[in-house]
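Biologist: Please pick one part of this model and give it a close look, then link it to the rest of the chain as you go. I have the sequence and the coordinates open beside me.

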Amino acid sequence: MKTSLFLALSAAWIPLAAQAIVNGRFATSPFLLGVVKVNDDCTGALIGNKCVLTAHHCLARNRLGEVMLPEYKSSVVVESTKTSKIISSFEPGYSERRCYDIQIAVLAEPHNRGYNLTKASVQGQSVAVAGWGFLGDYTIPKVLEFFQYTSKAKIVPSEGIVVPVPDGASGIAFRDSGGPLFVCKGAKCYVAGVANGKADGSTLMNTQHLWCDVRSNWAWITETVKAKCL
Ligand SMILES: *[C@@H]1O[C@H](CO)[C@@H](O)[C@H](O)[C@H]1NC(C)=O
C-alpha cells in the first residue's frame, strides 16, 4: 500500500525506499527561509519581490491557493502559520527541446527575500537541493531538508539538469517537486533549476534526479519577473 502510493505520487526522489528521507538533513541555514511550501506535494523558491518559482504540475493543483512562508526557530527552518495568497501564475510555452514544467506564481504581498537565479551552466558543477517533504510517514508534519549532492550536475538539453545518484536512493524527501536546485559560489547561492518530479532509470542502484533548468527558460523567466514580480 505504502509503496504503490509512493510510486504513484512521487516518481521523484527515492523510488524504492520505504523511508521518506534517506540522506538529507534538516535545513539549518537561514538562507533557506526562501524555500516555501506550495502544497502538501510541492515546494517552491521565492524570487523577485513577490513571486514563487515552482513546477507547473504543482500549481495545476493549487492555482489560486497560497504558499506557506517558513520561519527560523531553534536553528532550523520550520513550518509556520504564515501564508501568502497566490493571485496569478504564469508558465513558459511548450517545447520539445527543453523542460517546460516550470511556473511562476505571483503572491498578494511582497516578501523581499527572493533568490537570485543564474544563467550560467551548471554542467560539471556541485549542486544542492531543498524541499519540503514528509518525514518517514504521511502523517507527520513536513520538514524542510537540504541536500548537497556528491555527484556533479549534467545538462541534457531536452530534459534539463540531471544528477546521477549512484546508490539510487540518496536525496531528500519525496513529494518535493517544484523545489529549487542551488549552485553556490563561495557564500552566494543561486537557483539553477526546478525539481520537476521525474526520475530516470530508477533502480535501487542507479537513479538520475531531474530538474528543469532556468537557463533554457531564461528569456521567459526574466520577462515574467520584470513584468510581475518586482
Ligand atoms: C541577489 O543579488 C543582489 C545583487 O547582486 C544582491 O544584493 C542580493 O543580496 C542577492 N540576493 C541573494 C538572496 O543572494
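**From a loop residue to the rest of the chain**

Modeller: Happy to! Let us begin at Ser 75, which is found in the loop between β6 (71–73) and β7 (76–78). Please keep in mind that this is a predicted model. The backbone of Ser 75 deserves a look, as its phi is near 65°, a positive value in a residue other than glycine. Is Ser 75 buried or exposed? Ser 75 counts as exposed because it has 10 C-beta neighbours inside 10 Å, and a residue is exposed if that count is 12 or fewer.

Another loop residue makes a good companion. Asn 112 lies in the loop between β9 and β10 (128–134), and Asn 112 too is not a glycine yet has a positive phi, of about 55°. Asn 112 has 9 other C-beta atoms within 10 Å, so it is exposed.

Following the chain into β10 brings us to Ala 130, which is found in that strand. Here the surroundings are those of a buried residue: Ala 130 has 28 other C-beta atoms within 10 Å and is therefore buried, the cut-off being 20 or more. What does Ala 130 touch, leaving out residues up to four places away in sequence? Its contacts are Ala 27, Leu 32 and Val 35, then Leu 144, Glu 145 and Phe 146, and finally Gly 179, Pro 180 and Phe 182. Val 36 is 94 residues from Ala 130 in sequence, while their C-alpha atoms are 9.8 Å apart in space. For the chain as a whole, 67% of the contacts with a separation of 6 or more are between residues 24 or more positions apart.

β9 (103–107) comes up again when we turn to helix α3, since the buried residues of α3 pack against β9, as well as against β3 (42–47), β4 (51–54) and β8 (83–90). Helix α3 covers residues 218–229, and its buried residues are Ile 221, Thr 224 and Cys 229. Viewed down the axis of α3, these buried residues fall within an arc of 75°, so they line one face of the helix. An α-helix has 3.6 residues a turn, so residues three or four places apart point the same way. On the face of α3 turned away from the buried side you will find the exposed residues Ala 219, Glu 223, Lys 226 and Ala 227.

Some strand pairings are also worth tracing. β12 (residues 154–156) and β13 (residues 160–165) run antiparallel and are joined by 3 bridges, with a hairpin of 3 residues linking β12 to β13. Within this pair, Lys 154 has Val 162 in β13 as its bridge partner. β13 is also joined to β16 (residues 207–213), again antiparallel, by 5 bridges, and there Val 165 is partnered by Thr 207 in β16.

Stepping back, the protein chain has 3 helices and 16 strands, and 48% of its 230 residues are buried. The mean pLDDT is 81, with 76% of the residues reaching 70 or more. Please take care with residues 1–22, where pLDDT stays under 50, though the model has 48 contacts beyond four places in sequence for them. Where pLDDT is low, the predicted coordinates should not be read in detail.

How values were computed
Residues are numbered from 1 along each chain as its sequence is written. This is a predicted model: local features need pLDDT of at least 70, side-chain atom pairs count only at pLDDT 80 or more; totals for chains, interfaces and linings use all residues. Helices (H or I, at least four residues) and strands (E, at least two) are DSSP runs, numbered from the N terminus. The arc is that of the directions from the helix axis to the C-beta atoms. Two residues are in contact if their C-beta atoms, placed from the backbone, lie within 7 Å. pLDDT is the predictor's confidence in each residue, from 0 to 100. Two strands pair if DSSP finds at least two bridges between them.
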